[in-house]
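Student: I have a structure open and would like to learn how to read it. Please take me through it one feature at a time.

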Amino acid sequence: METLTLALGDRSYPIHVGRALLDRPDLLLPSLRQKKAAIVSNTTVAPLYLRRLADPLLQAGVEVVEVVLPDGEAVKDWRTLNSIFDALIAGRCERSTTLIALGGGVVGDVAGFAAACFQRGMPFVQVPTTLLAQVDSSVGGKTAINHPQGKNMIGAFHQPRLVLADTDTLTTLCDRELRAGLAEVIKYGLIRDLPFLEWLELNLERVLAREPAALATAVAASCRNKAEVVAADEREAGERALLNLGHTFGHAIETGVGYGEWLHGEAVAAGTMMAAQLSHQLGWIDRHDLARVEQLLQRAGLPVAGPMLSVERYLELMQHDKKVHDGRSRLVLLQRLGHAVLTDQAPLAQVRQAIAERTAHA
């Protein structure tokens, strides 16, 4: 097991990465404020891992309220959020009851938002079971639900007390979900960690083959990068926005085709290629570097072109992005591989060209 720390003063918390961590209640119990916890999972993850997490807690004298949600991005909405509140109230949960999110990014986001809201804030713990959740969404305290006009438009910053990333859960992850998670892993190398990007270029097939050592390295390196960025900029006033490479374009894809049609990581991969294309057009990265980005995403089995939406539709949806400031879109682009910047100076004609170059109908 490797333990990282997200340093936020008295709200700092550990990120444990390793194998068989679901069988370690000693890692979880110190994070509980009372002998009661609510575990929120979904219909895919609960049959696999709910008992492994809940039974040791019950044996330790912890009362457990179990909440099982439907699966899928499409249920990340007000109705699902309210169903969690209903279960917490029915289970007589209190402000000091800990909510444990057991699942992928959707579970973590909606359960974390419920924890931020219930009785004006209850403690929560992230137990991510997908690669995307382990390397990105479980770390940093962003919680949200979707709105029909935009992804993650309604939410709150609410830091967990603990992240428990058991890499053994990745053995039951379908290939498509594993590949989608790799979009976020690759992102860290592109925006701030060139040695990690080079490691991925050499070891991607080992990660895809789910070799335990390679998975552990990829997850730990990703979490380390995320923790460093969040510690420096918790509320996304500056540097943290760089973590959204490809996301402005990607969120437009997810909203434009309908939530759940494209996995988040798939949309981010296509959006990353649009951002890389634009960076190349601006003269920041050369054709060789553009090809490196494309080849790595292709080797990961990820799309390098967006769906057949019109350029105008992309631009319309991008205006709902949370990085829009004073009506201007701020995009995360690559000045060079391993170094990203946030800018609102990209000419609109160049943005249009990058989208057109990297859509399926181009």
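Tutor: Start with exposure: buried means under 20% relative accessible area, exposed over 50%, and partly exposed in between, with a 1.4 Å probe and protein chains only. Alanine 209 has a relative accessible area of 53%, so it is exposed. Alanine 209 sits in the loop between helix H7 (194-208) and helix H8 (212-232). Helices (H or I, at least four residues) and strands (E, at least two) are DSSP runs, numbered from the N terminus.

Student: What kind of model is this, and how are its residues numbered?

Tutor: It is a predicted model, in which local features need pLDDT of at least 70 and side-chain atom pairs count only at pLDDT 80 or more, while totals for chains, interfaces and linings use all residues. Residues are numbered from 1 along each chain as its sequence is written, and side-chain values use heavy atoms, with hydrogens and water left out.

Student: How do I judge the overall form of the chain?

Tutor: Compare the radius of gyration, taken over C-alpha atoms, with the globule rule of 2.2 Å times the number of residues to the power 0.38. For 362 residues a compact globule would come out near 21 Å, and the protein chain, at 20 Å, agrees with that. The C-alpha trace spans about 60 × 40 × 35 Å along its principal axes. The chain holds 13 helices and 11 strands, and buried residues make up 59% of its 362 residues.

Student: What share of the contacts comes from residues 24 or more positions apart?

Tutor: Contact means heavy atoms within 4.5 Å. Among contacts with a separation of 6 or more in the protein chain, 76% are between residues 24 or more positions apart.

Student: How do I read a single loop residue, for instance threonine 167: is it buried or exposed?

Tutor: Look at accessible area, then at the contacts. Threonine 167 is buried, at a relative accessible area of 5%, in the loop between strand S9 (163-166) and helix H6 (175-192). Apart from neighbours within four places in sequence, threonine 167 is in contact with Val17, Gly18, Arg19, Gln134 and Val219. Aspartate 168 is in that loop too, and touches Gly18, Arg19, Ala20 and Tyr49, not counting residues up to four places away.

Student: And serine 31?

Tutor: Serine 31 lies in the loop between helix H1 (25-28) and strand S3 (36-42). Serine 31 is buried, with a relative accessible area of 7%. With neighbours within four places left aside, its contacts are Thr98, Val125, Arg161 and Leu162. The C-alpha atoms of serine 31 and aspartate 168 are 22 Å apart, with their positions 137 residues apart along the chain.

Student: How many residues of helix H9 are buried?

Tutor: In H9 (residues 247-257), nine of the 11 residues are buried, so the helix is mostly covered. Among the elements covering those buried residues are strand S8 (150-157), helix H10 (264-281) and strand S10 (331-336). Glycine 258, with a positive phi near 105°, follows H9.

Student: How do I describe two helices packed together?

Tutor: Use the axes, which are lines fitted to C-alpha atoms, for helices over the stretch in contact; angles run from 0 to 180 degrees between N-to-C directions. Angles under 35 degrees count as roughly parallel, over 145 as roughly antiparallel, 65 to 115 as roughly perpendicular and the rest as oblique. The axes of H9 and H12 come within 9 Å and cross at roughly 105°. That makes H9 roughly perpendicular to H12. The contact is formed by Thr248, Phe249, Ala252, Ile253, Thr255 and Gly256 of H9 with Tyr314, Leu317 and Met318 of H12.

Student: Which classes of residue make that contact?

Tutor: Ala, Val, Leu, Ile, Met, Phe, Trp, Tyr, Cys and Pro count as nonpolar, Asp, Glu, Lys and Arg as charged, and the others, Gly among them, as polar. The contact of H9 with H12 has six nonpolar, three polar and no charged residues.

Student: Where else can I practise this?

Tutor: Try helix H3 (residues 78-90) and helix H4 (residues 105-117), which pack at about 55° with axes 10 Å apart. That makes H3 oblique to H4. Their contact has eight nonpolar, one polar and no charged residues.
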